[in-house]
Amino acid sequence: MKILVAGATGRTGQHVVRFLHEAGHTVHAMVRKPEQRDAMAALGAEPVFGDFTKPLGYTLQGCRGAVFVAGA
């Protein structure tokens with residue numbers, strides 16, 4: 001299943017990305033900064049640039065699920 005993870009670059013989000021990838025899902029990890037791209041790719045996710053202050057419709061295309069990992 002193709003899943004978008006928002007909050008993927010945080011400590012908990014990285015665990016979620018790794019778990020979903022290892023479970024066989026196609027993970028799209030939302031990143032806001034170009035330097036976060038490599039870290040998400042190393043976890044098996046496809047980095048997707050996005051920001052919750054802007055519309056997400058283009059980011060969610062084709063995704064069958066989404067996970068929002070909020071900071072503590």
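Me: Two strands pair if DSSP finds at least two bridges between them. In this predicted model, which residue of strand 3 is the bridge partner of Val-31?

Reply: Strand 2, residues 26-31, runs parallel to strand 3, and four bridges join the two. Val-31 belongs to that stretch of strand 2. Its bridge partner in strand 3 is Phe-49.

Me: Which residue in strand 3 stands opposite Met-30, and what is the hand of the crossover that links strand 2 to strand 3?

Reply: Opposite Met-30, strand 3 places Val-48. From strand 2 the chain passes through helix 2, residues 37-42, before it reaches strand 3. This β-α-β crossover is right-handed.

Me: Which strands stand at the edges of the sheet?

Reply: The sheet is open, and its four strands follow the order 3-2-1-4 with parallel pairing. Strand 3 (46-49) and strand 4 (65-68) each have a single partner strand, so one side of each is left without a neighbour in the sheet. From one strand to the next, the twist averages 25°. The strands at the edges are therefore strand 3 and strand 4.

Me: Is His-28 buried or exposed?

Reply: His-28 lies in strand 2. Not counting residues up to four places away in sequence, His-28 touches Lys-2, Ile-3, Leu-4, Val-5, Glu-46 and Val-48. A residue counts as buried under 20% relative accessible area. Because the relative accessibility of His-28 is 8%, the residue counts as buried.

Methods: Residues numbered from 1 in each chain as written. Predicted model: local features only at pLDDT ≥ 70, side-chain atom pairs only at ≥ 80, totals over all residues. Heavy atoms only, no water. Axes fitted to C-alpha atoms, helices over the stretch in contact; angles between N-to-C directions. Buried < 20%, exposed > 50% of the residue type's maximum accessible area, 1.4 Å probe, protein only. Contact = heavy atoms within 4.5 Å. Right-handed = clockwise from strand over helix to strand, strands pointing away.
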